[in-house]
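I opened my notebook to look up the ligand sites in this model. Here it is, for anyone who wants to follow along.

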Amino acid sequence: MPALPLIIDSDTGSDDAVALLLAAASGLGDIRAVTTVAGNVPVGTGTRNALISLETAGRTDIPVHPGCARPMTRMLSSAQHVHGEDGMGDIGLPDPSASCESTHAVEVLLSQPRENPGELTLVTLAPLTNVAAALLRDPDLFTRYRHVYCMAGAADLRGNISATGEFNVWADPEAAKIVTQAATPDKVTWIGWDVSRKDAVMTPADQQHLENIGTPMATFAHRINRTVADWARDVTGLAGYDLPDPVAMAVALKPDLITEQEQAYVDISVADETRGQMIIDRRVSAPAPNLTLVRRVAEAGFKKLLFDTVGTLAPPAPAAAP
Ligand code: BDR
Ligand code: CA
């Protein structure tokens, strides 16, 4: 099967980094560009992290385009308490050897699908600020992509940043609302934190396996997720740390991993108490569905893809400070 042409929008922190490895090194993805946005970390830090991650996969040739530095109407509330001050577990990663591009992310999100109509799959792993800004300029943007997959929301209303809010939607709910208003279920699929919580948790045995693989990519993936492992233990109570962005990327690369999905009409709350909560209307009288929501994936298939990919040999990862 030919590799899937991809644009990836990321606020690169430690789980985005693993998703980038999957897209860059599994043989299933053909990354045409990575666009970055403020979220887990400020946009400059996320851009640096994207470059480091791609270099770890041996891909210093993929262009990385910095985008919006803050949400549409709100101040940036980053997730550095989750992923570390540098978003990568604060293990002292050295600077990447490649530099980012000067063309703004929003320009890339607009121009690439115009130049390659119907060819590109967009995968978003971050607050939807860049995508919403692009939609304000081109309301038909989604029709120009082959498909759009978003790691966004929590369809079971169990949040990770608030009681009912998932971080990417909570961080910029106005942007997420613009995305839902422009979406159709044949073009736009959301993979929420509920999927990650159920089917993408790295148990202690999985973490040990990752560490034991011993390749540069596996060691990198293991080390950068140490901070998030502590946070998961203390806050989510899961049996390990979860991998929301990698499981969303896996769905884009291998849709046959999906075991349960639904179509529904979804709106996003911008009210203070329920900021970023998905409002899912499943009544018979609801408006026509605007999103496809993935609800479960094959956990074993996802983990096999992950372990197989990071187990392949790429050039040595940038050495971390002792
Ligand atoms: C999302 O928020 C970030 O912390 C992760 O990178 C992921 O994109 C999960 O809610
Ligand atoms: Ca992310």
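My entries on the two ligands follow.

**Ground rules.** This is a predicted model, where local features need pLDDT of at least 70 and side-chain atom pairs pLDDT 80 or more, while totals for chains, interfaces and linings use all residues. Residues are numbered from 1 along each chain as its sequence is written, chains are lettered from A and ligands numbered from 1 in the order written, and side-chain values use heavy atoms without hydrogens or water.

**Ligand 1, shell.** I listed what surrounds ligand 1 and found, among others, Asp15, Asn40, His83, Met151, Glu166 and Phe167 (near means a heavy atom within 4 Å). By class, I noted 4 nonpolar, 4 polar and 4 charged residues in this shell (Asp, Glu, Lys and Arg count as charged, and Gly is among the polar ones).

**Ligand 1, polar atoms.** I looked up oxygen atoms of ligand 1 and found side-chain N or O partners: Asn40 at 2.8 Å, a polar atom of His83 at 2.8 Å and one of Asn168 at 3.0 Å. The protein covers 96% of the 280 Å² of accessible area that ligand 1 has on its own (Shrake-Rupley, 1.4 Å probe).

**Ligand 2.** Which protein donors does the calcium ion have? I found Asp11, Asp16, Leu125 and Asp245, lying 2.2 to 2.5 Å from the ion (donors are N, O and S atoms within 2.8 Å of a metal, or 3.2 Å for Na, K and Ca). Leu125 gives its O atom, the Asp residues OD atoms.

Terms used:
Polar contact = N/O pair within 3.5 Å; in protein donor to acceptor, adjacent residues only side chain to side chain.
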